[in-house]
Amino acid sequence: MKPTPHIITIMTPLPHTIEAGRTIHEAKAIMDAEGIRHLPVTSEGRLVGMLSERDLKLAFAIAATGESEEALNVGDVCNLEAYVVEHDTPVDHVLMHLAENRLGSALITRSGKLVGIVTNTDVYRSYAELLKIAYPDA
């Protein structure tokens, strides 16, 4: 029986990141321009969390109630407890954790340094590729 591949095989390498001190407007601009829904957050080059499209929508909704949008930065609204795994973690372990905890992404590191991200889109793409192999005549 073959061993389960490592998560590095399905991740998107070298994702865009944003510094925690940047504004929510800057984060939205990056996400819109790149067509992404998850943005790893760093502080002084160190990975500190994850900003999702949902986090941004909530931040803008809060800002609309009176909090100045300029007062909100990425570090104020990101998830500081993002799911982070090492690059050699088996795919099935990561996917099961994502499913059981209803998470939309995992940050992938190598020796503590960010090397990639896995989102639902990566999972769907990989599953579609496996189906093509398993059912080539379909």
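This report covers the fold, surface and three individual residues of a predicted model.

## Fold and dimensions

The chain contains five helices and seven strands. Read from the N terminus, the order of elements is β-β-α-β-β-α-α-β-α-β-β-α. The C-alpha trace spans about 55 × 35 × 25 Å along its principal axes.

The chain has 138 residues, and 34% of them count as buried. Consider the contacts with a sequence separation of 6 or more: residues 24 or more positions apart supply 57% of these.

## Surface and charge

About 8800 Å² of the chain is exposed. Carbon and sulfur atoms account for 54% of that area. The charged side chains number 12 positive and 19 negative. The centres of these two sets are 5 Å apart.

A nonpolar patch sits on the surface. Its members are Tyr127, Leu130, Leu131, Ile133 and Tyr135. Together they offer about 590 Å² of accessible area.

## Leucine 130

One patch member is leucine 130. Leucine 130 belongs to helix 5, which covers residues 120-134. Its relative accessibility is 54%. The cut-off for exposed is over 50%, so leucine 130 counts as exposed.

## Serine 105

Serine 105 is part of strand 6, residues 105-110. Is serine 105 buried or exposed? Its relative accessible area is 11%. Buried means under 20%, so serine 105 is buried.

Which residues does serine 105 touch, leaving out those up to four places away in sequence? They are His38, Met50, Tyr83, Leu98, Ile117, Val118 and Thr119.

## Alanine 82

Alanine 82 is a loop residue. The loop lies between helix 3 (74-77) and strand 5 (84-86). At 22% relative accessibility, alanine 82 is partly exposed. That class runs between the buried limit of 20% and the exposed limit of 50%, so the value of 22% places alanine 82 in it.

Neighbours within four places in sequence aside, alanine 82 contacts Gly49, Met50 and Leu107. Met50 is also on the contact list of serine 105. Leu107 falls within the residue range of strand 6, 105-110.

Valine 41 gives a further reference point for alanine 82. In sequence, the two are 41 residues apart. In space, their C-alpha atoms are 9.7 Å apart.

Conventions. Residues are numbered from 1 along each chain as its sequence is written. This is a predicted model: local features need pLDDT of at least 70, side-chain atom pairs count only at pLDDT 80 or more; totals for chains, interfaces and linings use all residues. Side-chain values use heavy atoms; hydrogens and water are left out. Helices (H or I, at least four residues) and strands (E, at least two) are DSSP runs, numbered from the N terminus. Buried means under 20% relative accessible area, exposed over 50%, partly exposed in between (1.4 Å probe, protein chains only). Contact means heavy atoms within 4.5 Å. Accessible areas come from the Shrake-Rupley method with a 1.4 Å probe; for residues, only the protein chains shown count as cover. Lys and Arg count as positive and Asp and Glu as negative; His and the chain ends are not counted. The place of a charge is taken as NZ of Lys, CZ of Arg, CG of Asp or CD of Glu. Patches are made of residues with over 30% relative accessible area and no salt bridge: like charges are joined within 9 Å, nonpolar side chains (Val, Leu, Ile, Met, Phe, Trp, Tyr) within 5 Å. A salt bridge is a side-chain nitrogen of Lys or Arg within 4 Å of a carboxyl oxygen of Asp or Glu.
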